[in-house]
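Morning, everyone. Please bring up the model on your screens. I'll walk you through it.

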Amino acid sequence: MKTQSTPLAGRRATWALLLVSMLAGLLLWEGVVRSSQLPAFILPAPGQVWARFLSALGDGSLGRHIWVTLQEVVLGLVSGSLFAAALGYLLARSPRLERMLAPYVVASQSVPIVAIAPLLIIWFGPGLFSKVLICALIVFFPVLINTVVGLQAVPQDLHDLMRSLRASRWQTFRLLELPSAMPVFLGGLRIGATLSVIGAVVGELVGADRGLGFLINLGRGGYDTALVFVAVFTLVALALALYGLVLLLEARLLWWQRKSQTSEG
């Protein structure tokens, strides 16, 4: 008799697999350090990175730099997503406007953000605004495209149905377009959440005196490679946390989708 795995058992298996994978990675890293006999300023051992993490955490410097980067990331993600969603709605509703602006939007993505980051720092200074702007620009494109695709994917039959029911523009948006486009929009937000961390670090690497990007520059300049590893791993944790928050938001907003799939199954 075939037994079906429960969702809880599936999640436990996933976490166990992740733990085993991380332990294997740490063991491999330790083995490479011991066998190569490289000095710590080139490749520190996991234990040295952990000790540096505790040191930076203990003196409060890591917490201060995390807070600075987190502000830039959250402000950039929220502002970039809101602007992209608003413009995406206008483009989806107006094919003429889409034909006019689409070439400029696509062309803007051919310029790497690393190339224009120095210009933004020069124009707006090395403060918070320029970092938030860089984050917003890097988040903008995936959220915009997903918003347009999600809204344009709403079947015309449903629009006709709403018109036959004499639904207002707001009712059509709230009851049809928003729920239909939400899954695709949240897919773009997932990408944007991880990209926003990259945007903040790019801005801090170009010109800043605080933040995790600045910490990487500080560690690199002083051959404190363990500190560079600490900053990089912290950035990874930050990106994963933001990605997890978007998944939680997705689970909360798309409960109706899961319920529908369950009833169909």
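What follows is a short tour of helix pairs, a few single residues and some aromatic rings. Keep in mind that this is a predicted model.

Let's start with helix α10. It covers residues 225-253. Find helix α3, residues 61-93, as well. The two pack at an angle of about 40°, and their axes are 11 Å apart. So how do we describe α3 and α10 relative to each other? They are oblique, because an angle of about 40° falls in neither the parallel range, under 35 degrees, nor the perpendicular one, 65 to 115. The crossing of α3 past α10 is right-handed.

Who makes the contact? On the α3 side, look for Leu-62, Ile-66, Thr-69, Leu-70 and Val-73. On the α10 side, they meet Val-230, Thr-234, Leu-235, Leu-238 and Leu-242. By class, the residues of this contact are 8 nonpolar, 2 polar and no charged.

Stay with α10, but swap the partner. Helix α9 is residues 212-221. The axes of α9 and α10 come within 7 Å and cross at roughly 160°. That angle is over 145, so α9 is roughly antiparallel to α10. This crossing is left-handed. From α9, the contact uses Leu-212, Leu-215, Ile-216, Gly-219 and Arg-220. From α10, there is a list that includes Thr-225, Leu-227, Val-228 and Ala-231. Thr-234 and Leu-235 of α10 are also in that list. The split here is 8 nonpolar, 3 polar and 1 charged.

Between α9 and α10 there is a loop, and Tyr-223 is in it. Is Tyr-223 buried or exposed? Its relative accessible area is 61%, so it counts as exposed. Now look at its backbone. Tyr-223 has a positive phi of about 55°, and it is not a glycine. Why point that out? Most residues other than glycine have a negative phi.

There is another residue like that. Arg-166 has a positive phi of about 60°, and it is no glycine either. Arg-166 sits in the loop between α7, residues 156-164, and α8. With 75% relative accessibility, Arg-166 counts as exposed.

Back to α10 for Thr-225. Its relative accessibility is 15%, so Thr-225 counts as buried. What does Thr-225 touch, leaving out residues up to four places away in sequence? The answer is Ala-40, Phe-41, Ile-42, Pro-44 and Gly-219.

Next, helix α8, residues 169-206. Pick out two residues. One is Ala-193. The other is Ser-196. Ala-193 has 0% relative accessibility, so it is buried. Ser-196 has 0% as well, so it is buried too.

Take Ala-193. Measure along the chain to Leu-242, and you count 49 residues. In space, C-alpha to C-alpha, Ala-193 and Leu-242 are 5.9 Å apart. Neighbours within four places aside, Ala-193 is in contact with Leu-77, Leu-242, Tyr-243 and Val-246.

Now Ser-196. With its neighbours within four places left out, it contacts Val-73, Leu-77, Cys-135, Ile-138, Val-139 and Leu-242. Notice two names from earlier. Val-73 and Leu-242 are in the contact of α3 with α10.

One more helix pair. Helix α4 is residues 95-108, and helix α6 is residues 128-152. Their axes come within 12 Å and cross at roughly 150°. That makes α4 roughly antiparallel to α6. The crossing is left-handed. Glu-98, Val-105 and Val-106 in α4 meet Phe-141, Leu-144, Val-148 and Gln-152 in α6. Sorted by class, that is 5 nonpolar, 1 polar and 1 charged.

Last stop: the rings. A pair of aromatic rings is described by the distance of the centres and the angle of the planes. How many aromatic pairs does the model have? The count comes to 9. One of them is Phe-124 with Phe-129. Their centres are 5.3 Å apart, with 70° between the planes. Over 60 degrees counts as edge-to-face, so this pair is edge-to-face. Phe-124 itself is partly exposed, at 41% relative accessible area. Elsewhere, ring pairs link Trp-29, Phe-229 and Phe-233 into a cluster.

That's the tour. Thanks for listening.

Methods. Residues numbered from 1 in each chain as written. Predicted model: local features only at pLDDT ≥ 70, side-chain atom pairs only at ≥ 80, totals over all residues. Heavy atoms only, no water. Axes fitted to C-alpha atoms, helices over the stretch in contact; angles between N-to-C directions. Helix = DSSP H or I, 4+ residues; strand = E, 2+ residues; numbered from the N terminus. Left-handed = near helix turned anticlockwise from the far one by under 90°. Contact = heavy atoms within 4.5 Å. Nonpolar A, V, L, I, M, F, W, Y, C, P; charged D, E, K, R; others polar. Buried < 20%, exposed > 50% of the residue type's maximum accessible area, 1.4 Å probe, protein only. Phe/Tyr/Trp six-rings, centres within 6.5 Å; stacked < 30°, edge-to-face > 60°.
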